[in-house]
Amino acid sequence: MSFLPHFRPRLIRRPYAMLCARLPLTPLAAHRSVGREEVRAILATLCSYSLHRSVLTMRPLAGLLVAAGLVLSGCTTVRQGEIGVKRTLGRLDQQVILSGPKTFNPFLTTIIKVPVTTQNLEIRSNLPSKEGLSIGSDISILYRVKAEQVPNILQTTGRDYANILILPVFRSAAADVCARYFAKDMHSAERGVIETAIQARMNEVLSSKGFEIENVLMKNITLPAGLAKAIEDRLEAEQDALRMEFQKQRETRDAERRVIEAEGQKRIAVVRAQGEQEANIIQAKGKAEAMRIEAEAVRVTNQLINRDLTPAVLKFKSIEAFRELSKSQNSKTIITNGTTPVLNTLSQ
């Protein structure tokens with residue numbers, strides 16, 4: 001706050017409360033750019049200054065100050081995320097005022113500002129269940145006011161629309177929806193379905209009245225003590241049953257795996273035996289074919305020999321054989337059929 005000069009009075013100090021009562025202090029302080037403390041400082045300075053001036057000199061200054069107060073009291077600012085509506089002599093204007101600085105007649109008109117951003121309404125409520133139990137829950141209702149229907153909302157409901165309209169509609173929708181579900185469903189994955197159903201039910205009623213329910217969030221759900229213990233026991237039993245079922249399935253899969261392994265080993269043995277049998281057959285066929293080829297070669301060789309061995313050749317070969325034997329130094333006996341020459345092969 002800026003410091004203003006203070007004039008020391010020469011005569012009797014007049015209390016500036018008399019001047020404050022005559023000047024529009026409230027309209028001045030209502031302006032956002034001039035606070036109440038600034039207005040009081042200006043009035044105090046004016047009172048101190050008036051002690052040094054005549055009444056005729058102060059009249060224009062006082063009139064200027066009054067005029068400035070009136071002008072400032074007729075100015076306001078509609079901030080971002082707000083919608084303004086003029087109310088003149090109790091009558092609402094159907095045209096909304098968007099964000100920005102606005103002027104109005106402070107004696108006849110008032111500008112009502114309504115937020116159109118997402119609002120969070122936190123409540124604690126007891127929700128009924130299908131079993132007839134009462135389930136406690138902290139609930140957040142995220143809603144938004146439609147800008148174009150703000151005049152209609154102020155005309156039909158007023159500014160306390162959260163308590164007058166939104167909360168009763170929520171309680172009715174929550175009672176209708178939650179009564180179709182068991183208490184355990186509010187503590188499980190069905191909670192999202194319940195929230196969506198409540199939101200849709202509320203939008204059916206409030207959408208035409210200028211409200212949009214963006215989401216309904218259920219938090220900190222509290223079940224009755226006995227029911228919570230029963231649910232825990234049942235969930236534990238279900239977990240045990242699921243665990244046994246899992247073990248059973250695992251053992252079944254292990255048995256099936258062993259059967260498959262045995263079948264595989266059997267097939268491997270069969271294939272191996274068939275392979276060995278086929279190999280033996282192929283080997284035997286190979287040997288038989290080799291013997292056949294060898295016999296055929298011998299037969300062909302004998303045929304060639306029989307064809308080429310004439311009596312003259314045989315006689316020549318016998319002579320050569322006897323000649324080779326005769327070269328040996330050992331004693332030997334040669335028996336012939338009488339047609340071949342007789343050689344003396346006895347050792348000398």
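Trainee: Is Arg-201 buried, exposed or partly exposed, and what is its relative accessible area?
Mentor: Keep in mind that this is a predicted model. Buried would need a relative accessible area under 20%, and exposed one over 50%. Arg-201 falls in between, so it counts as partly exposed, with a value of 32%.

Trainee: Thanks! Which residue forms a salt bridge with Arg-201, and where does that partner lie?
Mentor: The closest N and O atoms of this pair are 3.0 Å apart, and the cut-off for a salt bridge is 4 Å. Arg-201 belongs to helix 7 (residues 191–206), and its partner sits 25 residues away, so the pair links distant parts of the chain. The partner too is partly exposed, with a relative accessible area of 31%. It is Asp-176, in helix 6 (residues 161–178).

Trainee: How many residues apart in sequence are the parts that Arg-144 and Glu-214 tie together?
Mentor: Good one to look at! The side chains of Arg-144 and Glu-214 meet in a salt bridge, at 3.6 Å from N to O. Arg-144 lies in strand 7 (residues 134–145) and Glu-214 in strand 8 (residues 211–222), so the parts they tie together are separated in sequence by 70 residues.

Trainee: Which other residue is linked with Arg-144 and Glu-214 in a network of salt bridges?
Mentor: Start with the two you know: Arg-144 is partly exposed at 26% relative accessibility, and Glu-214 is partly exposed at 30%. The network that links them also takes in Glu-212.

Trainee: What separates Arg-299 and Glu-296 along helix 8?
Mentor: Their side chains meet in a salt bridge, with 2.1 Å from N to O. Arg-299 is partly exposed at 38% relative accessibility, and Glu-296 is partly exposed at 33%. Both lie in helix 8 (residues 225–308), 3 residues apart, so the separation is about one helical turn.

Trainee: How many salt bridges does a search of the whole structure find?
Mentor: We have met several, including Arg-201 with Asp-176 and Arg-299 with Glu-296. The search of the whole structure brings the total to 9.

Trainee: Now to the sheet: which are the edge strands of the one in the order 3-2-5?
Mentor: This open sheet has 3 strands, with antiparallel pairing. An edge strand pairs on one side only, and that holds for strand 3 (91–92) and strand 5 (109–115).

Trainee: And which residue in strand 5 is the bridge partner of Ile-83?
Mentor: Strand 2 covers residues 82–88 and pairs with strand 5 in the antiparallel sense, over 7 bridges. Within strand 5, the bridge partner of Ile-83 is Val-114.

Key
Residues are numbered from 1 along each chain as its sequence is written. This is a predicted model: local features need pLDDT of at least 70, side-chain atom pairs count only at pLDDT 80 or more; totals for chains, interfaces and linings use all residues. Side-chain values use heavy atoms; hydrogens and water are left out. Two strands pair if DSSP finds at least two bridges between them. Helices (H or I, at least four residues) and strands (E, at least two) are DSSP runs, numbered from the N terminus. Buried means under 20% relative accessible area, exposed over 50%, partly exposed in between (1.4 Å probe, protein chains only).
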